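Hi,

Here is the structure I promised to pass on to you. Have a look at it first, and then read on for what turned up.

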Amino acid sequence: MELDNLDILKNIKRIEVSDSLYHTIESRFEKNRENNIPILKVGIAASFVIGLMLAQFYFLGFSSEINQSNNEIELVEVNNNSLYYE
Amino acid sequence: MTFKNIYNQYKNLVFNLALQYCQNRQDAEEITQDVFVKIFDKWQTFRKDADLKTWIYRITINQSLDFLKYKQRKKRSFIISLFSSDSSYKENRLPDFDHPGILMEQDESLKILMQKIYRLPKNQKTVIILLKIEDLSQREVAEIMKLTEGAVESLFQRAKTSLKKIL
């Protein structure tokens, strides 16, 4: 066989694609669509949950500050040893 | 341009190009499916000023080469399975030569030549397929392969030498 003469390759017949192939591709698209996770919806839900958690931390921190300030009541210094109502 | 239009315009180009790489109708159909799914997925990233045909050629070539790599891996695992007791591996037997465009010709020398091309390194194989089977010009091949025309010519000469060496 003469390998320099690669023109023999031009004799290869072109083949038509079967009609069913388009439907196979379409069904693959459908399958991909079903398996796709709606990233936008998941993102919105996740940011809502994170927002709620941050709000909770903020308000919990704020209320504990109030409690702490309530505990810091100045004690009145009593200079005698008598009890009350004595 | 709708997806259906692109499909109708390029389906035969994609299928026949894939067929030259894998030399099997069933595999070529699988590659064609993968190529059009990829075209659909990547349509947003395609620069509209670029040449659609060149882009489709590139996707098909890459997909075909990936498929051959995957097939080689399967073949290796099959060979390993021959030495193992696990019979489930034996179901991975690869399909035989089934290129309808060559079988129709009933030309044994053409079949032998195609089987030799199959064994070439991927760049040399691509050059032969694009220049000699797809009948593209050297400039078009250079654009598809992102090479200079000189590099394409040198690859082609190397491919011819490699073909002579393959017994």
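Four salt bridges link chain B and chain A in this predicted model. In one of them, the side chain of B:Asp135 meets that of A:Lys10, with 3.8 Å from N to O. There are also nine residue pairs in polar contact between the two chains, counting pairs where both residues have pLDDT 80 or more.

Which parts of chain B give two or more residues to the side that touches chain A? They are α1 (3-22), α2 (25-42), α4 (100-103), α5 (108-118), α6 (122-133) and α8 (149-165). α1(B) gives the most, with 10 residues. Sorted by class, this side of chain B has 20 nonpolar, eight polar and 13 charged residues.

In terms of contacts, 41 residues of chain B meet 23 residues of chain A. Together the two chains bury about 3200 Å², and 65% of that is on carbon and sulfur atoms. On the chain B side, B:Tyr7, B:Gln33 and B:Lys132 lose the most area to chain A, together 18% of what that side buries.

Now look inside chain B, which is divided into domain 1 (3-107) and domain 2 (120-167). Here 10 residues of domain 1 are in contact with 11 residues of domain 2, and the area buried between the domains is about 1000 Å², with 66% from carbon and sulfur atoms. Zero salt bridges are found across this interface, but there are four residue pairs in polar contact, both residues at pLDDT 80 or more. On the domain 1 side, α1 and α3 (52-82) give two or more residues each, and α3(B) has the largest share, six residues.

Enjoy exploring!

Definitions and conventions: Residues are numbered from 1 along each chain as its sequence is written. Chains are lettered from A and ligands numbered from 1 in the order in which they are written. This is a predicted model: local features need pLDDT of at least 70, side-chain atom pairs count only at pLDDT 80 or more; totals for chains, interfaces and linings use all residues. Side-chain values use heavy atoms; hydrogens and water are left out. Contact means heavy atoms within 4.5 Å. Buried area is the accessible area (1.4 Å probe) that two parts lose on being put together, summed over both. A polar contact is a pair of N or O atoms within 3.5 Å; within protein, one must be able to donate a hydrogen and the other to accept it, and residues adjacent in sequence count only if both atoms are side-chain atoms. Helices (H or I, at least four residues) and strands (E, at least two) are DSSP runs, numbered from the N terminus. Ala, Val, Leu, Ile, Met, Phe, Trp, Tyr, Cys and Pro count as nonpolar, Asp, Glu, Lys and Arg as charged, and the others, Gly among them, as polar. Domain bounds come from an automatic or database domain assignment.
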